[in-house]
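Work through the exercises below with the structure open beside you. Try each task before reading its solution.

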Amino acid sequence: MEIRIMRLADEPQKKEQAARWFHEKWGVPLEAYLQSMEESLAQSGPVPAWYLALEGGQIVGGLGVIQNDFHERKDLAPNICAVYVEERARRRGIAGALLEYACADMKAQGISRLYLLTEHTSFYERYGWEFLCMAREEQGGLARVYVHQA
C-alpha cells in the first residue's frame, strides 16, 4: 500500500487522532500535543508544525517541528521532534520521507536550518543530518544534537 506524507495543517480534522497517536508513542501528555497542534493550525508562523505518514488512512509515522525539544540549548531552534515510524512500517524509507518533507516545507517558509535531539548515533546521517554537539536534556542526561541545512 502506498504511503502518503502530509502536513496536519492540510487536514486539520486529523488533529485528535494525531495527538493520540504521538501521545501513545512518546508518553508526553495528550494535552501538550493538542496545544501544539492547535498552535500549528492557527497559522501564526511556520513553527510549530506537524507531519504524518499515512497508509490506507492509518497513521504509520509522524514528526513535529517545535521551538525546543526539551534541552538547554535554546539557541538551536527550531527542532524536529517526536520522529516515529510504526515497527511494522519500518525499513521502507518512511522516516526519511517525513524528514525530507518537513525540511522542504520549513525551507519554503523561510527556515533553512533545523536541529534534532536524539540518542541515535548513525540513523540521521543517512538523511543529510550532521552531528553538531551534545546538549543536556531537561531531564539531566546528554543527547546528540544534529543539524540540517537546506
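## Exercises on charge, core and backbone

At 41% relative accessibility, Arg 92 counts as partly exposed. Keep in mind that the model is predicted.

**Exercise 1. Find the salt-bridge partner of Arg 92, and state which parts of the chain the pair ties together.**

Step 1. Look for the partner. Arg 92 forms a salt bridge with Glu 55. Their closest N and O atoms are 2.7 Å apart.

Step 2. Check the burial of the partner. Glu 55 is buried, at 13% relative accessible area.

Step 3. Place both residues. Arg 92 sits in the loop between β4 and α3, and Glu 55 in strand β2, so the salt bridge ties together parts 37 residues apart in sequence.

**Exercise 2. Describe where Lys 74 and Glu 138 lie, and say whether they are buried or exposed.**

Step 1. Start with the bond. The side chains of Lys 74 and Glu 138 meet in a salt bridge, 3.6 Å from N to O.

Step 2. Locate the ends. Lys 74 is in the loop between β3 and β4, and Glu 138 is in the loop between β6 (130–136) and β7. The pair links distant parts of the chain, 64 residues apart.

Step 3. Judge the surroundings. Both residues are exposed.

Step 4. Look for shared partners elsewhere. Arg 4, Glu 11 and Lys 14 are joined into one network by salt bridges that share partners. The structure holds 11 salt bridges.

**Exercise 3. Explain why Arg 144 has no salt bridge.**

Step 1. Place the residue. Arg 144 lies in strand β7 (residues 142–149). Arg 144 is buried.

Step 2. Find the nearest opposite charge. That side chain belongs to Glu 125, 4.3 Å away.

Step 3. Apply the cut-off. A salt bridge needs a side-chain nitrogen within 4 Å of a carboxyl oxygen, so Glu 125 at 4.3 Å does not qualify.

Step 4. See what Arg 144 does instead. Its side chain makes a polar contact with the side chain of Tyr 146, at 3.0 Å. Beyond its neighbours within four places in sequence, Arg 144 is also in contact with residues including Leu 116, Thr 118, His 120 and Phe 131.

**Exercise 4. Identify which residues touch the most other members of the largest nonpolar core, and which elements build it.**

Step 1. Pick out the residues. The core has 25 residues, and Ile 80 and Trp 129 touch the most other members.

Step 2. List the elements. Those giving two or more residues are β2 (49–55), β3 (58–66), β4 (79–85), α3 (94–108) and β5 (113–118).

Step 3. Find the main contributor. Helix α3 gives the largest share, seven residues.

Step 4. Follow Trp 129. Leaving aside neighbours within four places in sequence, its contacts include Ile 80, Leu 99, Cys 103, Leu 114 and Val 147.

Step 5. Look for another core. A second, separate core of 15 residues includes Leu 8, Met 37, Leu 54 and Cys 81.

**Exercise 5. Count the disulfides, and explain why Cys 103 forms none.**

Step 1. Count. The structure holds zero disulfides.

Step 2. Inspect Cys 103. The closest cysteine sulfur, in Cys 81, is 13 Å from its own, so the two are too far apart for a bond. Cys 103 is buried, with a relative accessible area of 6%.

Step 3. Inspect Cys 133. The nearest cysteine sulfur to Cys 133 is that of Cys 103, 17 Å away. Cys 133 is buried too, at 16% relative accessible area.

**Exercise 6. Locate the cis peptide bonds before Pro 48 and Pro 78, and the positive phi angles of Ala 82 and Arg 91.**

Step 1. Take Pro 48. The peptide bond from Val 47 to Pro 48 is cis, with omega near 5°. Pro 48 is in the loop between α2 (30–41) and β2.

Step 2. Take Pro 78. A cis peptide bond joins Ala 77 to Pro 78, with omega about -5°. Pro 78 is in the loop between β3 and β4.

Step 3. Turn to Ala 82. Its phi is positive, about 55°, although Ala 82 is not a glycine. Ala 82 lies in strand β4 and is buried at 13% relative accessibility.

Step 4. Finish with Arg 91. Its phi is near 65°, also a positive value in a residue other than glycine. Arg 91 lies in the loop between β4 and α3 and is exposed, at 86% relative accessibility.

How values were computed
Residues are numbered from 1 along each chain as its sequence is written. This is a predicted model: local features need pLDDT of at least 70, side-chain atom pairs count only at pLDDT 80 or more; totals for chains, interfaces and linings use all residues. Side-chain values use heavy atoms; hydrogens and water are left out. Helices (H or I, at least four residues) and strands (E, at least two) are DSSP runs, numbered from the N terminus. Buried means under 20% relative accessible area, exposed over 50%, partly exposed in between (1.4 Å probe, protein chains only). Lys and Arg count as positive and Asp and Glu as negative; His and the chain ends are not counted. A polar contact is a pair of N or O atoms within 3.5 Å; within protein, one must be able to donate a hydrogen and the other to accept it, and residues adjacent in sequence count only if both atoms are side-chain atoms. Contact means heavy atoms within 4.5 Å. A nonpolar core is a set of buried Ala, Val, Leu, Ile, Met, Phe, Trp, Tyr and Cys residues joined through side-chain atoms within 4.5 Å. A disulfide is a pair of cysteine sulfur atoms within 2.5 Å.
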